[in-house]
Structure formats: C-alpha cells, structure tokens
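Me: I would like to go through this model by question and answer, beginning with how its strands pair and ending with the overall fold.

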Amino acid sequence: AEAAQENSFASAPTQGKNEYLEVTEGCAHGADELCVNAYTGPGTQYEKVYQLEKGMLLKIQDTREVNGQVWYHLYFDEQLRHEERTQKDWYVPATAGKVIKADGVETLKIHTTTSKHIVVDLSDQMLYAYDGNKEFFIASVSTGEEESPTPVGTFTINKKTPTRYMQGPLPGVTSTPFDLPGVPWNMYFTEDGAVIHGTYWHDRYGTKQSSGCINLPPELAKLLYDWAPVGTTVNIKQ
C-alpha cells in the first residue's frame, strides 16, 4: 500500500490564547460502545494509547492532515506525578470534538480583589456563586468522601488552569492507582491542591464522590471558571 501522505502545520497563533480539544464524541465513562481513541500517530493503524471520554479537555500542540483526515497532536505540559505513564505521543481525530480557545494557567497576584464569592454547603452537596449579594449560579456538586473529606473553611482561588492530568495513588489520600487526563476547568483553592473542577467520569452529583475536590458537570464547571477570577473567595461549610 502507498505510504500515507502527511502534512504538518502549526495552529494559527492567538495572542495570549491556547487551543484545546473538548471531547464530545468519546464514550461515557465505563460505557461498552464504539469509542474514539488516541493513537501514537495520526492514523488508526498506530497503537492505541487511550480511550477518550466525553467531557475531556486536552491541549493541542499542532494539527496534521493525513489522506484528507485532520488529526490533533495533543500534549501535557504540566508536571505529572507519574510521567512514565505518558511517554507516547497522543493523536486524536478531529471528529472527536471541537476546538476551543482559553488562556493557560492563571495565578493569584498580591493585589487581586473581587466582589465575587463561592459558597459550598457540604450538608446538601450544593454550590452557590454570588457577586456581592447577587446570586449568579447554583449547582449540585460532589465533594470528598469520608476518608478524604473536602476541607472546611474560607479559602481563595489561587490558581486556574483549563486542563489537568490527575494521577494516583496520592500519598495520604488514596493508595489506588488512577489516570484521569483532560480534567476540565480547574480552580485551585488550597495549597495542597484541592480544586473545583469538571468531572467526566461520573454523574452522581449531590453525593460524596471525590478525594477532597469539588466536582461539577463539565459544562457547569466552564461556566463557573469563566465567571470566577483568581482571588475569588471560597467558603466551605458543613
């Protein structure tokens, strides 16, 4: 057979912006169905490296076209707990989802102030967002299970990042190995890494499900992420 004709070209630059693939055509978590996969090269003849799930958000490094099919070359530019698990390239067909643009990591500046604040009530697994006294947002969430509870108190969103690769085991939290690439819309509120984020691997909101983080559906996490700047107060109560 003829070798595939391959072209490589960088994504068009946008000032202060990055491109991400929002997966819309992957499987639901644990689903037994025809799924979209990531491969080690731009074609299904390459080795499969991961089964994509709806709701993932993955950073695009560049775009390639092979025999009329567009592929996104993805990458992880964060410090990973288990880097040995991500040694292979990831290529995903463009049909897996849609491209969105977002700023990269945002961190708290000393003089950042805002009237916006978030309240999380652990007793009823609800999140409330306010700008001053004006209510913006209400949503059911999933917080930490009994063995890994969500911290209680008043905190500040100190960092935001559109995507994060979560890996375990986590010392002092869980001894279970896990890999969750493309966790979307992360808002860190403790130095230990507690985060409000989107969750594609479960939909059991209103019940305790996490290892201490605050889980939202991905589409609601994005809404909150776009609204809440770094410096937003987070009040978590029993």
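Me: In this predicted model, over how many bridges do strand E14 and strand E15 pair?
Reply: Strand E14 covers residues 159-170 and strand E15 covers residues 174-188. The two pair in the antiparallel sense, and Thr161 of E14 has a bridge partner in E15, namely Asn186. The pairing of E14 and E15 runs over 9 bridges.

Me: Which strands are the edge strands of the open sheet that holds E14 and E15?
Reply: The open sheet is formed by 5 strands in the order E9-E14-E15-E16-E17, with mixed pairing. An edge strand of this sheet pairs on one side only, and that description fits strand E9 (106-107) and strand E17 (214-216).

Me: At about what angle to E15 does helix H1 run?
Reply: Helix H1, made of residues 218-227, lies across E9, E14, E15, strand E16 (195-198) and E17. Tyr225, whose number falls in the range of that helix, is among the residues in contact with Thr161. Relative to E15, helix H1 runs at about 50°.

Me: Is Thr161 buried or exposed?
Reply: Thr161 is found in strand E14, and, leaving aside neighbours within four places in sequence, Thr161 is in contact with Val105, Trp185, Asn186, Tyr188 and Tyr225. Its relative accessible area is 9%, and the cut-off for this class is under 20%, so Thr161 counts as buried.

Me: Which residue of E18 is the bridge partner of Ile118?
Reply: Strand E10 (residues 116-121) pairs with strand E11 (residues 126-131) in the antiparallel sense over 6 bridges, where Ile118 stands opposite Ala129. E10 also pairs with strand E18 (residues 233-237), in the parallel sense and over 5 bridges. In E18, the partner of Ile118 is Val234.

Me: Which residue in the turn between E10 and E11 has a positive phi?
Reply: E10 and E11 form a hairpin, with 4 residues between the two strands. Of the 6 residues of E10 itself, 5 are buried. In the turn, a positive phi of about 55° belongs to Gln125.

Me: What is the radius of gyration of the protein, and how does it stand against the globule rule?
Reply: The secondary structure comes to 1 helix and 18 strands. For 238 residues the globule rule gives 18 Å, and the computed value is close to this, so the protein is as compact as a globular protein of that length. The radius of gyration is 19 Å.

Methods: Residues numbered from 1 in each chain as written. Predicted model: local features only at pLDDT ≥ 70, side-chain atom pairs only at ≥ 80, totals over all residues. Heavy atoms only, no water. Pairing = 2+ DSSP bridges. Contact = heavy atoms within 4.5 Å. Axes fitted to C-alpha atoms, helices over the stretch in contact; angles between N-to-C directions. Buried < 20%, exposed > 50% of the residue type's maximum accessible area, 1.4 Å probe, protein only. Rg over C-alpha atoms; globule rule 2.2 N^0.38 Å.
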